[in-house]
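Visitor: I'd like a quick tour of this one before I go back to the bench. Where do we begin?

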Protein chains: 2
Amino acid sequence: MLVPEEVFAKERDFLEGFSGETFVVERTISKKLTRKFLLRPTSETVMYYMFSLWVTSYKDLPIKIYQTVNVFRYETEQTHPILRVREIIMFNEAHTVHSSLSDADRQISEAMEIYSKFFDALLLPYVILKTPPWDTFAGAEYNYDFFTLMPDKKAIELGSVINLGQKFARAFDIKFQDSDGEWKYAYQTCYGVSERVLGVLISVHGDNRGIIFPPAVAPIQIVIVPIPGEEIMDKILEKCKNIKDRLKKAGFRVHLDDRPELTPGKKYYWWEFLGVPLRIEIGEKEVKEGKITIARRDIFKRVVILEELLEEEIKKLFSEISKEMYRRAKEWFESNILTATTIEEGMKIYNKNKGGILRFPWCGKDECGLKIEEETGLPALGHNPNEKATGKCVICDSDAKHYFYVGKKY
Amino acid sequence: MLVPEEVFAKERDFLEGFSGETFVVERTISKKLTRKFLLRPTSETVMYYMFSLWVTSYKDLPIKIYQTVNVFRYETEQTHPILRVREIIMFNEAHTVHSSLSDADRQISEAMEIYSKFFDALLLPYVILKTPPWDTFAGAEYNYDFFTLMPDKKAIELGSVINLGQKFARAFDIKFQDSDGEWKYAYQTCYGVSERVLGVLISVHGDNRGIIFPPAVAPIQIVIVPIPGEEIMDKILEKCKNIKDRLKKAGFRVHLDDRPELTPGKKYYWWEFLGVPLRIEIGEKEVKEGKITIARRDIFKRVVILEELLEEEIKKLFSEISKEMYRRAKEWFESNILTATTIEEGMKIYNKNKGGILRFPWCGKDECGLKIEEETGLPALGHNPNEKATGKCVICDSDAKHYFYVGKKY
């Protein structure tokens with residue numbers, strides 16, 4: 001975590017790119033150190049120093065290292081819990097080394113696919129944008145960011161996939177003897193996500209009553225609340241326990257809230273706040289009739305199902321909830337991606353919408369991208385190379401190739 | 001991990017005690033910060049700040065928090081891997097809050113019992129010593145250290161159990177309303193061990209050929225090595241796999257080394273180096289005769305057992321190995337605890353022994369302990385209050401109460 005200054009400084013672009021954010025340690029409370037250390041903002045420099053020792057032959061490659069670590073960045077004076085911090089405590093990063101550019105490119109595609117699946121599973125909508133050269137990750141050839149929108153309509157980066165090319169390999173002397181006997185510099189990639197994703201998940205799906213977890217990742221998927229009745233409380237609790245065991249056996253994460261001191265209403269409120277997707281209510285009626293009442297967290301609707309069909313009905317409900325949550329999130333996300341063909345029009349709809357992601361037809365030239373950033377006063381987010389635009393570049397009026405995305409970000 | 005300076009500075013003894021070791025962060029590479037941060041050398045200050053918010057009633061107590069974190073200490077210019085580092089990456093620390101002194105004392109006993117069991121399970125001999133007041137953990141009332149000896153006959157601290165009394169509670173304003181309605185300061189304890197224990201484990205039990213893991217904690221407990229024979233290699237490998245599955249089923253951590261490119265001899269060497277307690281050799285004879293050859297890592301002895309008794313014989317062997325390893329370690333440890341009744345005699349046997357732990361009858365007064373430290377030139381390790389000494393204090397000649405322990409340490 002403490003990176004010696006001379007190791008950190010080996011890749012100059014990296015050093016410059018991170019110089020504002022990287023903490024320096026040069027003393028203890030009572031004495032000055034004989035050497036300076038930096039707190040890693042990411043792990044490239046320490047890990048790539050090791051790669052230079054490990055890599056000797058093309059047979060060693062590819063190397064793929066995955067780790068969960070803490071990293072430190074001074075990005076802001078004003079921190080936001082989980083979203084914008086000084087210490088990222090769960091930075092999940094992969095670092096890979098390859099013997100060819102094509103294999104590194106393949107790894108980049110694989111990483112984008114992994115993250116796409118991950119964010120899809122979290123029911124988060126996103127755009128994948130290639131970062132403009134002037135904002136590219138320090139020390140990288142190019143990088144892609146996954147962006148989504150927070151409820152305040154500011155864009156937020158969910159994850160990054162970075163092609164480092166041979167820049168670090170040259171700086172750290174990561175060389176391998178190829179099958180043709182020649183010594184060559186390796187190709188590298190890295191990609192990472194952090195606990196920020198959890199913050200985004202909670203913000204995007206939540207409502208005024210609290211969190212709504214997608215069933216797939218909810219720590220508790222189903223809560224059972226007994227409804228006190230006359231005389232047969234024993235039977236109600238017994239049934240609650242049976243249903244709990246049955247659901248547990250079927251692989252669900254289920255909790256029985258049998259706290260006697262709380263009313264059912266307080267329990268509803270509590271578990272809704274914590275985002276449990278389904279609530280099962282069991283009272284007199286349920287004991288007598290062989291039916292089960294289930295309430296959905298996402299749309300606050302109750303359904304009554306036959307007890308014998310419990311497991312399959314819950315699976316169906318989970319699937320419906322997931323679809324509904326994704327539909328809702330995606331619809332909102334897409335309604336906040338604003339397309340405009342002139343800067344003036346763009347600023348008008350952006351201001352009217354009070355934020356969002358704004359995009360313009362663009363010829364593909366850096367200078368026009370920079371100009372868009374300048375004239376809108378909004379940070380560039382990048383472009384999607386697979387997405388074609390029609391019409392004319394909003395700056396130079398030549399034929400548009402892609403959309404250029406801008407927007408305020410976290 | 002980054003502790004604001006003003007929070008860290010709340011307990012003055014703590015601040016002073018750690019001032020030489022605690023790293024300061026006051027800038028990034030390119031700019032000065034508006035406030036200073038310290039890298040936590042332990043977690044008291046950040047955690048106790050939170051305790052002051054959490055604790056309000058005697059009903060909240062005791063609170064016990066356990067965490068595995070990284071901490072930073074500048075203890076040495078010259079680091080030793082795992083043993084003496086700048087970043088402890090697996091610091092396992094407990095922090096507890098109590099409503100009475102007696103409950104805190106009870107917690108201290110419990111913690112000492114937990115660590116005793118832990119080090120016993122690792123087959124590590126140790127002495128538990130109460131640290132002299134002038135070396136006590138900064139901010140503590142008193143603390144106990146578990147010491148063992150490294151092969152170079154220098155003492156090493158395995159773990160600490162610390163009674164913080166009310167010092168931090170006063171500094172951080174951790175108060176609770178007691179059952180009598182009055183507001184009182186809480187009592188606290190903390191205790192911790194680190195990855196250093198792993199380094200000690202490897203050093204104490206190992207020999208010239210490499211590591212020797214106690215069976216209870218060996219990552220691989222048994223390795224199976226096929227011995228190539230004439231023609232029936234298929235049958236040998238099949239038998240190896242059967243034995244492996246059988247042992248796995250019985251709950252053992254077992255590995256089959258079926259690498260065809262290595263000779264059995266190279267495999268023996270490899271797994272001995274890595275400290276696997278038992279090796280099973282399976283060749284032609286074993287296939288034909290229904291017997292199994294097992295080699296012990298600790299004493300390099302082979303035994304032949306009946307195949308049908310495999311599981312129980314292995315359990316027996318594990319028990320014998322554990323006993324033998326502990327006997328060996330303990331005998332060596334005890335032979336290096338040197339008792340002397342005069343300083344001159346002590347220094348003579350200490351120098352002749354080239355290290356170890358040296359102890360003298362002692363009256364119990366701090367000034368005599370300090371004097372022992374001064375006259376021997378060896379750091380004080382402390383005393384065991386449960387251990388009575390006979391004879392006269394080596395310094396003041398009054399009746400001895402306990403032994404006072406000194407020795408070079410890591």
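**Loops, strands and the chain contact**

Visitor: In which loop is Pro62(B) found?
Guide: This is a predicted model, so local features need pLDDT of at least 70 and side-chain atom pairs count only at pLDDT 80 or more, while totals for chains, interfaces and linings use all residues; side-chain values use heavy atoms, with hydrogens and water left out. Residues are numbered from 1 along each chain as its sequence is written, with chains lettered from A and ligands numbered from 1 in written order. Helices (H or I, at least four residues) and strands (E, at least two) are DSSP runs counted from the N terminus. On that scheme, Pro62(B) is in the loop between α3 (44-54) and β4 (63-72) of chain B.

Visitor: What kind of peptide bond joins Leu61(B) and Pro62(B)?
Guide: Omega there is about 0 degrees. In chain A, Leu61(A) and Pro62(A) are joined by a cis bond, again with omega of about 0 degrees, and Pro62(A) lies between α3 (44-54) and β4 of chain A. For Leu61(B) and Pro62(B), then, the bond is cis.

Visitor: And what is the phi of Phe300(A)?
Guide: Phe300(A) sits in the loop between β15 (291-296) and β16 (302-306) of chain A. Although Phe300(A) is not a glycine, its phi is positive, at about 50 degrees.

Visitor: On to the contact: how much area is buried between chain A and chain B?
Guide: Contact means heavy atoms within 4.5 Å, and here it takes 29 residues from chain A and 28 residues from chain B. Met1(A), Leu2(A) and Ile29(A) supply 22% of what chain A buries against chain B, more than any other three residues. Buried area is the accessible area (1.4 Å probe) that two parts lose on being put together, summed over both. Carbon and sulfur atoms give 65% of a total of about 2500 Å².

Visitor: How many salt bridges are there between chain A and chain B?
Guide: A salt bridge is a side-chain nitrogen of Lys or Arg within 4 Å of a carboxyl oxygen of Asp or Glu. The whole structure has 61 of them over all chains. Between chain A and chain B, though, the count is 0.

Visitor: Which residue does Lys36(A) meet in a salt bridge?
Guide: Lys36(A) lies in strand β3 of chain A and its partner in helix α1 (residues 5-8), so the pair ties together parts that are 31 residues apart in sequence. At 4.0 Å, N to O, that partner is Glu5(A).

Visitor: How do β2(A) and strand β2 of chain B pair?
Guide: Two strands pair if DSSP finds at least two bridges between them. Here β2(A) and residues 23-28 of chain B share 5 bridges, with Thr28(A) opposite Phe23(B). The sense of the pairing of β2(A) with β2 of chain B is antiparallel.

Visitor: Which strand does a hairpin join to β2(A)?
Guide: The hairpin runs through 3 residues. The two strands are antiparallel with 3 bridges, and Val24(A) has Leu38(A) as its bridge partner. The strand joined to β2(A) is β3(A).

Visitor: What relation superposes chain A on chain B?
Guide: The copies are superposed by least squares on C-alpha atoms of residues with pLDDT of at least 70 in both. A rotation of 180 degrees with 0.1 Å of shift along its axis does it, at RMSD 0.1 Å. That is the relation of a two-fold axis.

Visitor: Which residue of chain A has the C-alpha nearest the axis?
Guide: As for the contact, 97% of the interface residues of chain A are also interface residues in chain B, so the copies meet through the same surface. The C-alpha nearest the axis is 2.6 Å from it, and in chain A it belongs to Val25(A).
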